[in-house]
Amino acid sequence: MKNYKSLNVIVGWAVFLISAIVYLMTIEPTTSFWDCGEFITTSFKLEVGHPPGAPFFMILGRFFTIFASPDKAAMMINSLSALASAFTILFLFWSITHLAKKLVKNEGELTLGQILAILGSGAVGALAYTFSDTFWFSAVEGEVYASSSLITAIVFWAILKWENVADEPQANRWIVLIAYLMGLSIGVHLLNLLAIPAIVFVYYYKKYTASRNGIIASFLVSMIILGVIMYGIIPGVVTIATWFELALVNGFGLPYKTGVIIYALVLIGLIILGIRYTIRKKLVLWNTILVSVTVILIGYSSFAMIVIRSSANTPMDQNSPDDVFSLLRYLNREQYGDRPLIFGQYYNTPLDSDEPYVNDKPYYIQKDGKYVISYMRQSANYDSDYTTFFPRMWSRSPQHVQDYKSWAGIKGKPARVTSPSGEVETIQLPTFVENLTFFIRYQVAHMYFRYFMWNFAGRQNDIQGHGDILNGNWISGINFIDSARLGDQSKVPPHMKNNKARNTYYFLPLILGLIGAFFHYNRHRKDMWVVFLLFIMTGLAIVIYLNQYPHQPRERDYAYAGSFYAFAIWIGLGVLAIVEGLKKHVPETVSAIGVTAICLFLVPGIMASENWDDHDRSGRYTARDFGANYLNSIEPNGIIFTNGDNDTFPLWYNQEVEGVRTDVRVCNLSYLQTDWYIDQMKRKAYESEPLPISFTEDQYVQGTNDVIYLMNDPRIKGAVELKRAINFVKDDDPRTKLTQADNASYIPSKKLFLKVDKEAVIRNKVVPENLYDQIVDTIFIDFGNKNYITKDELMVLDMIANSNWERPIYYAITVGRDKYLGLQDYFTIEGLAYRFTPVKSPRTGIHFGSVNTEKMYKLFMKEFKWGNMNDPEVYIDENNQRMMMNIRNNFNRLAEALIKENKKDSATRVLDRSLELIPHEIVPFNYFSIQIAENYFAADQLEKGKKVIEQILATYESEIDYMLSLEGKYIASVDEEIQRLLYFMREMGMITNQYKQDDLAEEITQKFNKYFELYSSVN
């Protein structure tokens, strides 16, 4: 036994070392896209990130960054994830060996063969999880999921340790440890709480004789504990604090935060009294419960960091949770809205005709020493006659509705409904069967089972899939199985086959895991149900809770890592199952060594080999460099409007961590709809002066001027001057409000104008000297068919009205056109941003605005850094490819502008640099790449243009050949793709014909005709 214990420790640490080395070798050396830049920033300077926050992760990250210079801070936080992941593997190994040891039938000491089989099980299962797709992805970036996985692994291991000593007097210290870790996990991610049911069942099976009623009761108890923490302790502690605060501040006139302080003292006093009472009365169970609740609260207290740092007005201070009311909104993630879970609406359920909206939650703000309600949040009140149990199709977004119909094949049932306006209409309400069809096809199969198979069967590619056969599916590598699901895989085009994320494991991890699960069920049914609960609660239970709408902005496999962790336990036990099955035929020691070696090679070995190239992020600096490039596109003290995660967080990271261009103000338009963010924009940040917003706090507080209606007042002829329109909105005179819309503000014209101060334009060098004669006298803003603008758009107009060209104003190239306010004709592209200028340019094709060729050339050819994006050894995933396509398009735009200026040599150098930085082999050419060839032709570089056309043509040919070879049931799913390729092919023929490339034009025309005939014959 001593030998086993020593070997268990040694082999466990060896597995840890392997995983740690792998993860540290493959971490991204700087920030990544999505939330990583934000998490790294909040950790480095202890700032406040998006709700519900991750304060304990912030503290851990800050500790790691203490040992690094700012330019290495991101790497240190990525290393935190790598080491947390490696420790997760360590505790997974020990959990597997603990469970495996209980499956070995042995009356005395363990034999050498049994020891080797147990350790082999632990090694295979732990290393399989080490190299699994989802977990490896999270292990090499600065996100919370690696740290969350570690806490889950520790608490599951800890309850198994408790099981060994459950009869000892001090065994409950393990329960207290688990409770403390649960409390800490709230400050990382709530996923860890889903291990509670498994923990409760370990306790139940150890302490009680199992029975049907006991199992049901245990499950109910586990759900109650989970509910108490998620919906009681987490929001409840703060909710009660709001009661105290409101009573003592508003009721007794005491200073702000008095109620919170008194409440904290009362809570601490009650806990101390309760613990002392249970000790004195020897109430062991109640003492354990009270101490557990206490340590949960101690762990949860990391959220004090959020309030403390928010009170310091840090540059990043999302939601400004500096008092208990804003903290409660922050914890409840109120800015993200609600979704129904048990009962609720369909996507077309009508609002109640009598009361379409009901008051929901008050929005408190501090004013004149009191807390006052600035507005009462309202929620939609749906007609209960047309709601449903277990609503899965609830989003009213047109895109989502279209997807619901596609996934569920909705035909619906007619229902006559009355709208709030009194009109009666007939709608096609989905049936409950169609509701369940969407749940199974999309939420379970597409958004969970597909990810499960990515990890244990194989993955088609790294391109996000929305249900088509070309992207994002699971594959196995066994041709006849994959072809039956996705069409003939032997004819897949080379560039699709060469996608680095095309990984195949031939079902081997899945098969070994299923063997382990059945073996576990037969040998130790209770333990099997414990692991099964962990598997379900961190998998399908999350699917039900998230209730995701279709067309998610990114793949969501990271949410289910805990479920894949549980399955990895069974992969490990599968080794023991095979050894046990062979022991009648092969000596046990030989069998253990042989099976372990073979399984190591066939499962984690193949997974490591297949997954390495698409999980190795070493050498990739794209997110950091692209963020810096956005900032360096901006003139000093400029403002850049952004809109999403990937055009905001990398910029914040560069400014806050590496100190890049802190004179530039990054203004996220999504956040600019909130009062707390406008407050921050009106404050100075580093070298950036406050934004020129003239509205006072009471004019933009939440609930005020959230929507500004646009109306053409017949009394007003022509356009209204912009400042007058802004002042009209600000005016408190009741005559400037719409009484029929709860006294909402409005602008009495859909056309505005801004007089241009040409002296200010020239003084501030807004446009180059050669464009002085093109400066317009007046800028016109035409809202067209828009009936309202939102608060962020109002603030942008206010900034434009008040800046007087003193502050350069830019839109990031990634911001959607719907946010341009009709100003795009006055844009000048400078680097990766459009600058608002008083020079109007005619639209040409898909392009708008003008190009500052001198600045663009300098930036793109000399100053910008590109993050090793053209290194074939660096992994470029789909998200990076999308960014690089934007950059390629801007190279094209610059080349086109240079050609118009008759600078063909410069244009050629720009196009050459584009192909050097973004080669076709790394980012395949798409439709917009045809412009590269067209610009080469226009620059008299005919051979280069022909080469690009030939490469695009070859790619399109291989894709069309593949798609037209598909059987009828598959070809329908790619019909639009075929039409698109044929259209692009015709475009190439027209371009080559235009530039007198007769032979190539003829070749393209012949191929187009051939494919068009083939396409017509199958339709």
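Let me start with two helices: the axes of helix H2, residues 36-45, and helix H4, residues 73-101, come within 10 Å and cross at roughly 105 degrees. That makes H2 roughly perpendicular to H4, because angles of 65 to 115 degrees are counted that way. Before I go on, a reminder that what you have in front of you is a predicted model.

So which residues of H2 and H4 meet? On the H2 side they are Ile40, Ser43 and Phe44, and on the H4 side Ala73, Ala74, Ile77 and Asn78. By type, the residues of this contact divide into 5 nonpolar and 2 polar, with no charged ones.

Let's follow the chain out of H2. Leu46 is found in the loop between H2 and H3, and its phi is near 50 degrees, a positive value in a residue other than glycine. That deserves a glance, since most residues other than glycine have a negative phi. Is Leu46 buried or exposed? It has a relative accessible area of 18%, and because the cut-off for buried is under 20%, Leu46 counts as buried.

The loop between H2 and H3 also holds Pro52. Have a look at the bond leading into Pro52: the peptide bond from Pro51 to Pro52 is cis, with omega near 0 degrees. For context, most peptide bonds are trans.

Next comes helix H3, residues 55-65. Its buried residues are Pro55, Phe56, Phe57, Met58, Gly61, Phe64 and Thr65. What covers them? The elements over the buried residues of H3 include H2 and H4, which we have just met, along with helix H7 (145-164), helix H8 (172-186) and helix H13 (304-311).

H13 takes us to another backbone feature. In the loop between H13 and helix H14 (324-331) you will find Asn319. Asn319 has a positive phi of about 75 degrees, although it is not a glycine. Asn319 is buried too, with a relative accessible area of 12%.

Now please scroll along to helix H19, residues 508-523. H19 has 16 residues and reaches 22 Å from its first C-alpha to its last, close to the 22 Å expected at 1.5 Å a residue. Which of its residues are buried? They are Pro509, Leu510, Leu512, Gly513, Gly516, Ala517, Phe519 and His520. These buried residues pack against helix H5 (112-130), helix H16 (432-456), helix H20 (525-537), helix H22 (561-582) and helix H23 (588-615).

Two of those partners, H20 and H22, also pack against each other, at an angle of about 150 degrees and with their axes 7 Å apart. Angles over 145 degrees count as roughly antiparallel, and H20 and H22 are therefore roughly antiparallel to each other. From H20, the contact is made by Met528, Val531, Phe532, Leu534 and Phe535, and from H22 by Ser563, Tyr565, Ala566, Phe567, Ile569 and Trp570. Sorted by type, the residues of the contact of H20 with H22 are 10 nonpolar, 1 polar and no charged.

Staying with the H19 partners, let me pick out one residue of helix H23, Cys599. At 8% relative accessibility, Cys599 counts as buried. What does Cys599 touch, leaving aside residues up to four places away in sequence? The answer is Val124, Leu512, Val575, Ile578 and Pro604. One of these, Leu512, was also among the buried residues of H19. As for distance along this part of the chain, the C-alpha atoms of Cys599 and Pro587, 12 residues apart in sequence, are separated by 18 Å.

Finally, the sheets. One is an open sheet of 6 strands in the order S10-S9-S18-S20-S19-S21, with mixed pairing. Strand S10 (665-668) and strand S21 (850-851) stand at its edges with a single partner strand each, so one side of each has no neighbour in the sheet. Strand S19, residues 827-830, runs parallel to S21 and is joined to it by 2 bridges. Ile829 has Val851 of S21 as its bridge partner.

The other sheet I want to show has 3 strands; it is open, its order is S12-S15-S16 and its pairing is mixed. Its edge strands are strand S12 (720-721) and strand S16 (778-782), each pairing on one side only. Strand S15, residues 751-755, pairs with S16 in the antiparallel sense over 5 bridges. Within that pair, Phe753 stands opposite Phe780 in S16. Thanks, everyone!

Methods. Residues are numbered from 1 along each chain as its sequence is written. This is a predicted model: local features need pLDDT of at least 70, side-chain atom pairs count only at pLDDT 80 or more; totals for chains, interfaces and linings use all residues. Side-chain values use heavy atoms; hydrogens and water are left out. Helices (H or I, at least four residues) and strands (E, at least two) are DSSP runs, numbered from the N terminus. The expected span of a helix is 1.5 Å times one less than its number of residues. Buried means under 20% relative accessible area, exposed over 50%, partly exposed in between (1.4 Å probe, protein chains only). Contact means heavy atoms within 4.5 Å. Two strands pair if DSSP finds at least two bridges between them. Axes are lines fitted to C-alpha atoms, for helices over the stretch in contact, and angles run from 0 to 180 degrees between N-to-C directions. Angles under 35 degrees count as roughly parallel, over 145 as roughly antiparallel, 65 to 115 as roughly perpendicular and the rest as oblique. Ala, Val, Leu, Ile, Met, Phe, Trp, Tyr, Cys and Pro count as nonpolar, Asp, Glu, Lys and Arg as charged, and the others, Gly among them, as polar.
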